[in-house]
2 protein chains.
Amino acid sequence: MTKHHPDTPSGERPTGPSRRRLLGTAGAAGAAGLVLGAAGGALGTAAATEPPTDLATVGRSRVPFHGAHQPGIVEPAQAHGHLIAFDLAADAGRKEAAALLRRWSRTAEALMAGETPSSRLHDTGIALDAGPSSLTVTFGFGRSFFGRTGLVAHRPAALEPLPPFSSDALDPRRSDGDLWIQIGADDALVAFHALRALQREADGTARVRWQMNGFNRSPGATAGPRTPRNLMGQIDGTNNPKETDEDFERRVFVPAGGDPAWMAGGSYAVLRRIRMLLDDWERTPLAEQEKVLGRRKSDGAPLSGGSETTPVDLEKRNADGDLAIAADAHVRVSAPETNGGAAMLRRSFSYHDGFRDDGAPDAGLLFIAWQADPLKGFVPVQRKLDRGDALSRFIRHEASALFAVPGGAGEGEYVGQRLLEG
Amino acid sequence: MTKHHPDTPSGERPTGPSRRRLLGTAGAAGAAGLVLGAAGGALGTAAATEPPTDLATVGRSRVPFHGAHQPGIVEPAQAHGHLIAFDLAADAGRKEAAALLRRWSRTAEALMAGETPSSRLHDTGIALDAGPSSLTVTFGFGRSFFGRTGLVAHRPAALEPLPPFSSDALDPRRSDGDLWIQIGADDALVAFHALRALQREADGTARVRWQMNGFNRSPGATAGPRTPRNLMGQIDGTNNPKETDEDFERRVFVPAGGDPAWMAGGSYAVLRRIRMLLDDWERTPLAEQEKVLGRRKSDGAPLSGGSETTPVDLEKRNADGDLAIAADAHVRVSAPETNGGAAMLRRSFSYHDGFRDDGAPDAGLLFIAWQADPLKGFVPVQRKLDRGDALSRFIRHEASALFAVPGGAGEGEYVGQRLLEG
Ligand code: HEM
Ligand code: HEM
């Protein structure tokens, strides 16, 4: 049952590392037909139970649950995202948390395979007909989790609270949390179904602290691998570390033998809900917008010349002697070169929650940065951006969280087991 | 550059009338290649200006702006929807409203063709790379519009306020409005781009009264034409009037020679923001859920037997003598047969705005019903549902609006011109 991939051989999904998805699908699907080079269009066939047999390309695409790393980090960000943070119930401790992570892992594994989870409650059926649709579920632990579960001795030093930044306007009710789940899928109902199923499993053990919804371009809206745009209209993600970079693993994931040991293969997620002052932004002339960023809006090319993928030349001067990329341009101030090599993998969702009471759109970026150590990734870069980024005028950081995201679960294991039963 | 349609010959879009989209696309694209039978996958080529040439299937799909009816009524509901209502500024009257509708129509036409609108302001660029993505823009007038513009004499009788219903819990700040725009697109950034562009055109003439976001399944998540599911997990839309029905036009659109004359080819949209009490619903056993509706959840088949498309048999009794479809089942109480033939075209979006302060999900249906006369469509049916629908226990009507949606603009005309210059 080989199907034609709908478009270019390089697939319809936005650009980003795709190796894991392909290999993973091949592993999970065994001898199933795998369209090589068709990232995101791989034809994972039915596993134990029977997902619908007539799924289309988007629905059929499947990311494996098991692996060295959790899913939802290196795969391209999906069209729909849900972020949800929980606090443990007052009477829940380490034992209850372990049982919850076991239930969550089992549910996530079933959902990501397009199967109906064997829940304590019957299934809602919302995701029927649509297959896994590239669903990923990622679990994280916040700093407060360790105190509540008597695990302070195992708390990573990297979970020290983020320092305050001068431009912060953070809402504590939408920040932090004991536990965090990131859900992504290319179908809105598949994503919502997963959110409800996972939330139900938490009943009695943890309650929702906050929840946010995000989105990205739909698969098939653009051809070929395309870097996503954000709601300012910028191509956003170009200079992310690439899975093919020699130092990619080292930058994004905690190495085996790191500290604490249970975080081997894990990563730290920094989440910032950043509202965009779109009324101001959209009134700003195009040339000024491009100067603020340091890249062209139409195609993402650096103002130092070339195309989207041309390396940024921070020294380049225009004929008039001015720096081609201004001193306060976002890409200069955030670049690894100007931050002692500090790098992170940005994998964000846009958000839009209608209009605020003041008439401005409540819209912006659910900025998510992944790194082996936030003190060598997000923190130094944000410290610099906070002081000198031309973009600051147009954005407000409104919520913040930092989570320790353990390595992926092996077969028969649940996420966080090495911490909770270590 | 013929491309293979990603999946079945019947296309990837959810079921629903597609004739207009196909014919429309063929018309708009002239001699362009048209994949027959591939609803929503038709390859509309570039019009006057130059949209990107390498769009994928979803991005390329285009709905014509001009026609007897406005777009966004008979086409399948898209993956993303924005509803936005405006009130005219205190100093704006008929003249300013006419200028606004002219600007809006010009902008909508450009956006739906995948072109950059020639706005008073420069374009945000958010939709670049993605083509029209089945964008539709639909304009409507609320009852209050006619008083503010001195057009009360032309106000349709059908715009009488909807009667109150016993189960209403309506929020006036999210109800009604002078003007309404419905935006739908299969890409989130294309939809958001249109929202911003149209809102900017209103600056100084009208201000946002309320705005809501909705969604449906992504194209490609399911194969073939598939009726959408809602957030209760039900297949929703099966027994909608079909464009092929002999009385479809008469039920949905105001005929030529109707009253008022300027509404010829138009329709009335009833919008109800209906929250679902999902915690209660999901605790209800499957058999009980199915009894509440009168259809099976898995495949949408009526409880009187057959498959999704089998006509509902309201007389059928089970072996035990009970009615197969309960006396208070939603499909019985809402069926045209039990409402003197009252029918409407339901074309809804799901919504999910996170969690409420009480911990319940703020999620449900942006129910939109289209009909030639609300007094022969929505009103009698809702009156009956209000008293006797088993579903009532699980839903709350939280906002309501009724709009007169004029016929489509001819070439060189703007939407509403026959009213505003009549
Ligand atoms: C709403 C807020 C933000 C917007 C709209 C934004 C947008 C962008 C864009 C368009 C680029 C250029 C394309 C690319 O290389 O991805 C970029 C680059 C970058 N941004 Fe941001 N950004 C935001 C916030 C942040 C924050 C909070 C950080 C980290 C603290 C950050 C770190 C970076 C980094 C490291 C780069 C790559 C620089 C390079 O190596 O060339 N950004 N951003
Ligand atoms: C959240 C609220 C609602 C939900 C979840 C819902 C769901 C459904 C479902 C699943 C069906 C069966 C499949 C189909 O034929 O489409 C249906 C049928 C129908 N509903 Fe609703 N509905 C809701 C509200 C309403 C309202 C407010 C009205 C109108 C006042 C309405 C009118 C109808 C009609 C006319 C039918 C077709 C009945 C037939 O001819 O078989 N519904 N609805």
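Before I describe anything, let me define one idea: two copies of a chain are related by a rotation about an axis and a shift along it. Please keep in mind as well that what we are looking at is a predicted model.

With that definition in hand, we can take the two chains together. A rotation of 180°, with 0.0 Å of shift along its axis, places chain B on chain A with an RMSD of 0.0 Å, and this is therefore the relation of a two-fold axis. The same surface serves both copies, since 100% of the contact residues of chain B recur in chain A.

Let me now turn to chain A and its ligand, and begin with the iron. Which protein residue serves as the donor to the iron atom of ligand 1? It is His330(A), which is the single donor from the protein and which offers its NE2 atom at 2.1 Å. If you want to find His330(A) on the screen, look in helix H9 of chain A, which covers residues 330-334.

Around ligand 1 as a whole there are 28 residues, and the closest are Gly237(A), Thr238(A), Asn239(A), His330(A) and Arg346(A). Some of these can be described in terms of individual atoms: a polar backbone atom of Gly237(A) is 2.6 Å from an oxygen atom of ligand 1, while for Asn239(A) a backbone N or O atom lies 2.8 Å from an oxygen atom of the ligand. Arg346(A), by contrast, uses its side chain, where an N or O atom is 2.9 Å from an oxygen atom of ligand 1. The elements of chain A that give two or more residues to this shell are strand S5 (267-276), H9, strand S8 (361-371), helix H10 (378-388) and strand S9 (395-405). Of these, H10(A) gives the most, with four residues. What classes of residue make up the shell around ligand 1? There are 16 nonpolar, nine polar and three charged residues.

We can place this region in a record too: an unreviewed UniProt entry lists residues 227-408 of chain A as "domain: Dyp-type peroxidase C-terminal". Over those residues the chain is 19% helix and 23% strand, and the C-alpha atoms at the two ends are 26 Å apart.

Moving over to chain B, the iron atom of ligand 2 has a single protein donor, namely NE2 of His330(B), at 2.1 Å, and His330(B) sits in helix H9 of chain B. Ligand 2 is surrounded by 28 residues, with Gly237(B), Thr238(B), Asn239(B), His330(B) and Arg346(B) as the closest. Here a backbone N or O atom of Gly237(B) is 2.6 Å from an oxygen atom of ligand 2, and an N or O atom in the side chain of His330(B) is 2.9 Å from a nitrogen atom of the ligand. The helix that gives the most to this shell is H10(B), with four residues.

I will finish with the backbone, away from the iron atoms themselves. Asp259(A) and Pro260(A) are joined by a cis peptide bond, with omega about -5°, and Pro260(A) lies in the loop between helix H6 (248-252) and S5 of chain A. In chain B, the peptide bond from Asp259(B) to Pro260(B) is cis, with omega near -5°. Lastly, Ser134(B), a residue other than glycine, has a positive phi near 60°, and you will find Ser134(B) in the loop between helix H3 (94-112) and strand S2 (136-141) of chain B.

How values were computed
Residues are numbered from 1 along each chain as its sequence is written. Chains are lettered from A and ligands numbered from 1 in the order in which they are written. This is a predicted model: local features need pLDDT of at least 70, side-chain atom pairs count only at pLDDT 80 or more; totals for chains, interfaces and linings use all residues. Side-chain values use heavy atoms; hydrogens and water are left out. A residue is near a molecule or strand if one of its heavy atoms lies within 4 Å of it. A polar contact is a pair of N or O atoms within 3.5 Å; within protein, one must be able to donate a hydrogen and the other to accept it, and residues adjacent in sequence count only if both atoms are side-chain atoms. Copies are superposed by least squares on the C-alpha atoms of residues with pLDDT of at least 70 in both. Contact means heavy atoms within 4.5 Å. Donors are N, O and S atoms within 2.8 Å of the metal (3.2 Å for Na, K and Ca); water is not among the atoms, so sites may look incomplete. Ala, Val, Leu, Ile, Met, Phe, Trp, Tyr, Cys and Pro count as nonpolar, Asp, Glu, Lys and Arg as charged, and the others, Gly among them, as polar. UniProt positions are given in the numbering used here, feature names are shortened, and annotations may be inferred rather than shown by experiment.
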